[in-house]
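Thanks for making time, everyone. I'll walk you through a structure that is new to most of you, and we'll take it one piece at a time.

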Amino acid sequence: MTERTRRYSVVLHFPFDPGGEYGMQPAGTYDVETVEEQLDSVSFIAFRRLLTIISKRPDPDDQVRYSSLVITALDLERALAHDQRRMMDASFRAP
């Protein structure tokens with residue numbers, strides 16, 4: 001089977017809980033890497049996500065230089081949606 005890897009970055013403005021045993025993670029810029037495999041049993045090109053890894057870009061004052069977490073795509077989507085709702089709430093409260 002053919003695999004592909006996609007890489008992109010996301011910014012989370014608030015600490016978030018990615019689910020699982022990781023606990024709260026700090027706000028910041030995260031590099032996202034997804035690994036997908038092509039499905040051979042369909043008559044069109046389709047991929048299934050196998051793995052999602054997020055890695056926090058280090059800030060100059062961070063004690064930990066680099067950390068990576070394996071999370072589900074759904075947990076990442078939830079964290080991004082929650083962050084966006086909090087940003088909207090904060091913008092409505094601004095004086």
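Okay, start with the sheet. In this predicted model, four strands form an open sheet, in the order β1-β2-β3-β4, and the pairing is antiparallel. Which strands stand at the edges? Those are β1, residues 3-12, and β4, residues 67-71. Each of them has a single partner strand, so one side of each is left without a neighbour in the sheet. If you turn the model a bit, look for the twist: it averages 25° from one strand to the next.

For anyone who hasn't looked at sheets in a while, strands of a sheet pair through backbone hydrogen bonds, and that can be parallel or antiparallel. Here's one pairing in detail. Strand β2 covers residues 28-38, strand β3 covers residues 47-56, and the two run antiparallel with nine bridges joining them. If you want one spot to click on, try T34: its bridge partner in β3 is T52.

Let's zoom out. How many helices and strands does the protein chain have? The secondary structure comes to one helix and four strands. Going along the sequence, you read β-β-β-β-α, so the helix follows the strands in that pattern.

Now the overall dimensions. The C-alpha atoms fill a box of roughly 55 × 35 × 25 Å, taken along the principal axes. The radius of gyration is 16 Å, whereas a compact globule of 95 residues would come in near 12 Å. As for burial, 26% of the 95 residues count as buried.

Next, one pair of residues to show you some spacing. D61 sits in the loop between β3 and β4. Is D61 buried or exposed? With 66% relative accessibility, D61 counts as exposed. Now find L80, which is 19 residues from D61 along the chain; their C-alpha atoms are separated by 24 Å.

Compare that with another pair, R7 and D31. Those two are 24 residues apart in sequence, and C-alpha to C-alpha they are 7.1 Å apart in space. R7 belongs to strand β1, and keep that residue in mind, as we'll come back to it in a moment.

On to the salt bridges. The count comes to six, and I'll show you a few of them. The opening example is R4 with E36, whose side chains meet in a salt bridge at 2.5 Å, N to O. This pair links distant parts of the chain: R4 is in strand β1, E36 is in strand β2, and they are 32 residues apart. What about their exposure? R4 is partly exposed, with a relative accessible area of 34%. E36, on the other hand, counts as buried, at 6% relative accessibility.

E36 has another partner too. It forms a salt bridge with R49, where the closest N and O atoms are 4.0 Å apart. Again distant parts of the chain are linked, with E36 in strand β2, R49 in strand β3, and their positions 13 residues apart in the numbering. R49 is partly exposed, with a relative accessible area of 32%. Put the two bridges together and you get one network: R4, E36 and R49, joined through salt bridges that share partners.

And back to R7, as promised. Which residue does the side chain of R7 meet in a salt bridge? The partner is E33, at 3.6 Å, N to O. R7 lies in strand β1 and E33 in strand β2, so this pair ties together parts that are 26 residues apart in sequence. R7 counts as exposed, at 62% relative accessibility, while E33 is partly exposed, with a relative accessible area of 28%.

Last stop, the surface. There's a nonpolar patch of about 230 Å², and the residues that make it are L50, L51 and V70. Take L51 as the one to look at: it is found in strand β3. Its relative accessibility is 31%, so L51 counts as partly exposed.

That's the tour. If you want to retrace it on your own screen, begin with the four-strand sheet, move on to the network of R4, E36 and R49, and finish at the patch made by L50, L51 and V70.

Key
Residues numbered from 1 in each chain as written. Predicted model: local features only at pLDDT ≥ 70, side-chain atom pairs only at ≥ 80, totals over all residues. Heavy atoms only, no water. Pairing = 2+ DSSP bridges. Axes fitted to C-alpha atoms, helices over the stretch in contact; angles between N-to-C directions. Patch = residues over 30% accessible without salt bridge, like charges linked within 9 Å, V, L, I, M, F, W, Y side chains within 5 Å. Areas by Shrake-Rupley, 256 points an atom, 1.4 Å probe, with all protein chains shown as cover. Buried < 20%, exposed > 50% of the residue type's maximum accessible area, 1.4 Å probe, protein only. Rg over C-alpha atoms; globule rule 2.2 N^0.38 Å.
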